[in-house]
Amino acid sequence: MITSVDFSLAEVTTQDKLIHQGVFSNPGKPGKKALLWVHGLSSAFYSHIELLNEFARQSKVNGFCFAAFNNRGHDAISGARKLDTRKVKGYSHVNAGAGYESFAESVFDIEAGMKFLTKQGFSQIVLIGHSTGANKVCYFAATRKTPHVGAIILASPLSDRLDTVLDQEKLQKDLEHMQNLVRQGRGDELQLGYHYFPMTPKRFISLFSKNSLEDQFDYGDPKPRLKYFSKIKLPTLIILGSADEYL
């Protein structure tokens, strides 16, 4: 029985030049398959250590590589290095974290992780999206054509908009306020006290507006659209906990 896994630290650079850190575990024997973990809202590659260790252990048993990288939405409020040849160090710093990220740009983060794995010799990649990471994997699978993705896993796919804890009447008022701020040219100003972490008006609208690009899993609505999910042609595993509050 394998009880420990060796991880290596790694960095990837996205198409828009952001630098993300992460880890990968090589099975130590020839193989083509790799699992790429895409973390959820305000999470990071170092979150859920016990879960990731188990993924890596089982991957090693089956001869798979396992990798997990930060994306531009890691942690609530953070920063990221961006390649910049004008700087002496070769990079500059930009705002990052769940409060700042743009959902549409999440495809760049996934592509960077996949590029890393293919360079290591792994040509069959399974994307695992957890929580809001499932939204990203769903969108990626529906809009990007790549021969290297063999399947996807959507682990606890959910709608932040339909969170049962939220006061829906207050949420609508907050959305109107955020939309007004965007119209005033203040869409990138960090707002406090509207959720469990600070976020910009643009981010708030992305998370909580009906039919937004990020609103991938509207299965709690009377007439769900599942617009991007319905376009997926890959083998797909969906995991929903039997006691999931969103069911």
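Hi everyone, this is a short tour of one helix and some salt bridges in the structure above. Please keep in mind that we are looking at a predicted model.

Let's begin with helix α1, which runs over residues 49–61. Helix α1 has 13 residues, and from its first C-alpha to its last it reaches 18 Å. That is close to the 18 Å you would expect at 1.5 Å a residue.

Now, which residues of α1 are buried? They are L52, A56, R57 and S59. If you look down the axis of α1, these buried residues fall within an arc of 165°, so they line one face of the helix. And what covers them? The cover includes three strands: β2 at 18–25, β3 at 33–38 and β4 at 65–69. Before we leave this region, have a look just past the end of α1, where G63 takes a positive phi of about 80°.

On to the charged side chains. How many salt bridges does the structure hold? The count is 15, and I'd like to walk you through a few of them.

My opening example is R86 with D84, where the closest N and O atoms are 3.0 Å apart. The two partners sit in contrasting surroundings: R86 is exposed, with a relative accessible area of 74%, while D84, at 8%, counts as buried because the cut-off for that is under 20%.

Next comes E111 with R144, and here the closest N and O atoms are 2.9 Å apart. This pair links distant parts of the chain, with the two positions 33 residues apart in numbering. E111 belongs to helix α2, residues 106–119, whereas R144 lies in the loop between α3 (132–143) and β8 (149–155). Are these two buried, exposed or something in between? E111 is partly exposed, at 24% relative accessible area, and R144 is partly exposed as well, at 29%.

For one more pair, find R186 and E189, whose side chains meet in a salt bridge at 2.9 Å from N to O. R186 is partly exposed, with a relative accessible area of 32%, and E189 is partly exposed too, at 36%.

Finally, salt bridges can also join up into a group here. Which residues take part? D16, R72, E105 and D109 are linked in a network of salt bridges.

So, to recap: we saw α1 with its buried residues along one face, the long-range link between E111 and R144, and the network that includes R72. Thanks for listening, and do have a look around the model yourselves!

Conventions:
Residues numbered from 1 in each chain as written. Predicted model: local features only at pLDDT ≥ 70, side-chain atom pairs only at ≥ 80, totals over all residues. Heavy atoms only, no water. Helix = DSSP H or I, 4+ residues; strand = E, 2+ residues; numbered from the N terminus. Expected span 1.5 Å × (residues − 1). Buried < 20%, exposed > 50% of the residue type's maximum accessible area, 1.4 Å probe, protein only. Arc of directions from axis to C-beta. Contact = heavy atoms within 4.5 Å. Salt bridge = Lys/Arg side-chain N within 4 Å of Asp/Glu carboxyl O.
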